[in-house]
Amino acid sequence: AIFFANTGHLSKPVTSTNWKQTKGQLFSHFHMMKEIQFVDPFRELPSTGVMGRMLDRLRANNNSVASVGIGTNAAILAGESTGQVSIDDGGPAEFYPKTIDDVTRTSMETAFDNVNNASALNSGFFANHWSQMP
């Protein structure tokens, strides 16, 4: 994960006399928050975010990468060749929902216990290894 604090970007060096000539709106928190996701003041790669471009570069070098947004697709994660996955910000679904009936819950618990029991002679390496884990 990457975290930046109190950052922004400038399209050129700025002084007290030429600050109005920049492309960004320097005193607008909303616009700076939006721009920091792109870090592309000249829009050379429109609709891509800085982290998405990093992921594209890693993928081009045969690295396995993924981006996950929480609650929404984030502009910062958008790349040219790298897609992103969005997961619900409410957390994962409950494994045993409260609406499940007791018979189903018991049969599920029994099935999980059977999956994790000690293996038989013909179970295979992974089943045997899993059953021996503490």
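The side chain of Arg53 reaches the backbone oxygen of Phe38 at 2.6 Å. The model is predicted. Arg53 sits in helix H2, which spans residues 50–60. Arg53 is buried yet has no salt bridge.

**Around Arg53**
- The nearest side chain of opposite charge belongs to Asp40, 4.5 Å away from Arg53.
- That distance of 4.5 Å does not make a salt bridge, because the nitrogen and the carboxyl oxygen must lie within 4 Å.
- Setting aside neighbours within four places in sequence, Arg53 is in contact with Phe38, Val39 and Asp40 among others.
- Its further contacts, on the same terms, include Leu45, Thr48, Ala78 and Gly79.

**The salt bridge**
- A search of the whole structure finds one salt bridge.
- Side chains of opposite charge can pair when their charged atoms come close.
- Here the partners are Arg43 and Glu35, with 2.7 Å from N to O.
- Arg43 has 37% relative accessibility, so it counts as partly exposed.
- Glu35 has 15% relative accessibility, so it counts as buried.

**The chain as a whole**
- The chain holds four helices and two strands.
- Their order along the sequence is α-α-β-β-α-α.
- Of the 134 residues in the chain, 18% are buried.
- The exposed area is about 10500 Å², and carbon and sulfur atoms supply 58% of it.
- Taking contacts between residues at least 6 apart in sequence, 34% join residues at least 24 apart.

Terms used
Residues numbered from 1 in each chain as written. Predicted model: local features only at pLDDT ≥ 70, side-chain atom pairs only at ≥ 80, totals over all residues. Heavy atoms only, no water. Buried < 20%, exposed > 50% of the residue type's maximum accessible area, 1.4 Å probe, protein only. Contact = heavy atoms within 4.5 Å. Areas by Shrake-Rupley, 256 points an atom, 1.4 Å probe, with all protein chains shown as cover. Lys, Arg positive; Asp, Glu negative; His and termini not counted. Polar contact = N/O pair within 3.5 Å; in protein donor to acceptor, adjacent residues only side chain to side chain.
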